[in-house]
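Reader: I am in my first year of study and would be grateful for a close look at one part of this protein. Please begin with the terms I shall need, and then show how that part relates to its surroundings.

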Amino acid sequence: MATVSSRLPHPPLGHRPAAVSGRFYPASPGALREQVLAWLTASAPSPGSQPPKLIVVPHAGYVYSGAMAARGHALLAPFRERIRRVVLLGPAHRVVLPGLALPTVAAFDTPLGPVPLDREAMARISDLPDVTFDDGAHAREHALEVQLPFLQTALDAFALVPLVVGQAAAGSVAGVLERLWGGEETVIVVSSDLSHFLSDAQARHRDAGTLRRIEALDATLAPDDACGAHPLNGALHVAARHGLRPALLGYCHSGAVTGDATRVVGYAALAFWPPAARWETDADDAQRLGQALLSRARNAIAAPLGLPCREEPPHAALARPGATFVTLHHHGRLRGCIGRLDVGVAPLDVDVRRNARRAAFEDPRFAPLRVDEWDALEIEVSVLETPQRLSVDSEAEALAALRPGRDGVIFRWGRHRSTFLPQVWSQLPVAGDFLAALKRKAGLPADFWADDVELSRYAVRLFREAGAVPR
């Protein structure tokens, strides 16, 4: 492996030619643009006020994971004029690499044309100890290349910072991203598949666990969990530092295309948004609100157990009407979950205490909490936004309308009613499985549907005790 000086070469040395065109994706510019545009159009999201700061997308051949990758890239398209820099990271499949590698070239070529590199941004990180210039690491690497046609179609003019990431520590990758963080003009794209060559059942189990950890911003993933674990861990590390809010956009595996359920590769798309502006403009910040809610939830459980209570910090939002769900885990397993869907009934202070107490002592699925479980008890509080009715005429329309990873969902039919918080998507990442389980929870068959079914969705702000980090 030939490594060039860590100083940015000048002048740049030509272009990197497309290496997997015609194999991973169509070589014809017309066919490629048509296919990518169709996927992006099918994945088009509802317009939001700001783009995600980070997306995670798969990098297999387009026939396997192209539609899933489009779910992430489609979120960038409404901001095509705003986004001017893409920091693109992916794993090293072809070379042994101790750190992070930049190329020396001026642009990366695809059938859709050249993508210019942001040499000023590259110079900004070239003095970091784990960053080198290594064209060999980029020459045959597909993980970055397959994302480029999506970016070229979703965005207007942008410059690229491409990084192949080898055996780099999460802190090293995070240090690079901090220097390139920028504002809304900069988006970070991490290219990663999930598990490889497990059976259908094994892959779904392994990948569900990995997605839960990603949503929890757990920066300790291994390559067996995700082939892009090293760049992903660095991105999760810095995402936690900046308070980004993750959302699962979808999950699938290669068996759906190959028909072989014995050896599949998992693919998922996720997006991470900056903290919501409405919380940033409150009298106190979101972290203080999380600490205030979590302390009250814990004290509501401690008092009936005869245990000492902790200090309860104030927050102006506690006096406002609001609805919460309180979820308890013991050694990582669900221990209780009770909440309210009616947002305007009680102040947050009252609601969170009541739901914490009920989750600990009145959840009919569990025996009342015992004192000897206290030390290993983990508490999370979800603050609900007002549910919005979904206008759908069929189950197919319902499945198309759901936003995996983002939507809490309420199911109603006659006297049957159930809800899942958005966190449940990490266990049931496929929309069909999610809705089927929701119907079973309501006491109905998984395949039930009726014309008068009512579905509503809602968003939550989730606070966990470890740092009270919201999402």
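Author: In what follows, helices (H or I, at least four residues) and strands (E, at least two residues) are DSSP runs, and they are numbered from the N terminus. The model under discussion is predicted. With these terms, H329 can be placed in strand 13, which covers residues 323–330. The C-alpha atom of H329 lies 5.0 Å from that of E378, although 49 residues separate the two along the chain. When neighbours within four places in sequence are set aside, H329 is in contact with L334, R335, A376, L377, E378 and E380.

The part chosen for the close look is the surroundings of D193. This residue belongs to the loop that joins strand 9 (186–191) to strand 10 (196–198). D193 is buried and yet forms no salt bridge. The nearest side chain of opposite charge is that of R94, 11 Å away from D193. What, then, lies 2.9 Å from a polar atom of the D193 side chain? It is the backbone nitrogen of H59. H59 also appears among the residues that D193 touches, beyond those up to four places away in sequence: P58, H59, A60, A226, C227, G228, V265, G266 and Y267.

P58 and H59 lead to a second residue, Q147, which is in contact with both of them. Q147 is found in the loop between helix 5 (142–145) and helix 6 (148–154). It counts as buried because its relative accessibility is 1%, and the cut-off for buried is under 20%. The side chain of Q147 makes a polar contact of 3.0 Å with the side chain of S191. Outside the four places on either side in sequence, the contacts of Q147 also include V57, A69, H73 and L88.

Helix 5 provides the next step, through E145. The side chains of E145 and R16 meet in a salt bridge, with 3.0 Å from N to O. This pair links distant parts of the chain, since E145 lies in helix 5 and R16 in strand 1 (residues 15–16), 129 residues apart. Both partners are buried: E145 has a relative accessibility of 1%, and R16 has a relative accessible area of 6%.

A further salt bridge joins the side chains of R85 and E185, at 3.7 Å from N to O. R85 is in strand 3 (residues 85–91) and E185 is in the loop between helix 7 (170–179) and strand 9, so the pair ties together parts 100 residues apart in sequence. Here the two partners fall into separate classes: R85, at 12% relative accessibility, counts as buried, whereas E185, with a relative accessible area of 29%, is partly exposed. In the whole structure, a search finds 28 salt bridges.

The surface offers a contrast to the buried residues described above. V63 lies in helix 2 (residues 62–73) and counts as exposed because its relative accessibility is 57%. Together with Y64 and V257, V63 makes a nonpolar surface patch of about 260 Å².

To return to the chosen part: D193 is buried without a salt bridge, while a polar atom of its side chain lies 2.9 Å from the backbone nitrogen of H59.

Key: Residues numbered from 1 in each chain as written. Predicted model: local features only at pLDDT ≥ 70, side-chain atom pairs only at ≥ 80, totals over all residues. Heavy atoms only, no water. Buried < 20%, exposed > 50% of the residue type's maximum accessible area, 1.4 Å probe, protein only. Lys, Arg positive; Asp, Glu negative; His and termini not counted. Salt bridge = Lys/Arg side-chain N within 4 Å of Asp/Glu carboxyl O. Polar contact = N/O pair within 3.5 Å; in protein donor to acceptor, adjacent residues only side chain to side chain. Contact = heavy atoms within 4.5 Å. Patch = residues over 30% accessible without salt bridge, like charges linked within 9 Å, V, L, I, M, F, W, Y side chains within 5 Å. Areas by Shrake-Rupley, 256 points an atom, 1.4 Å probe, with all protein chains shown as cover.
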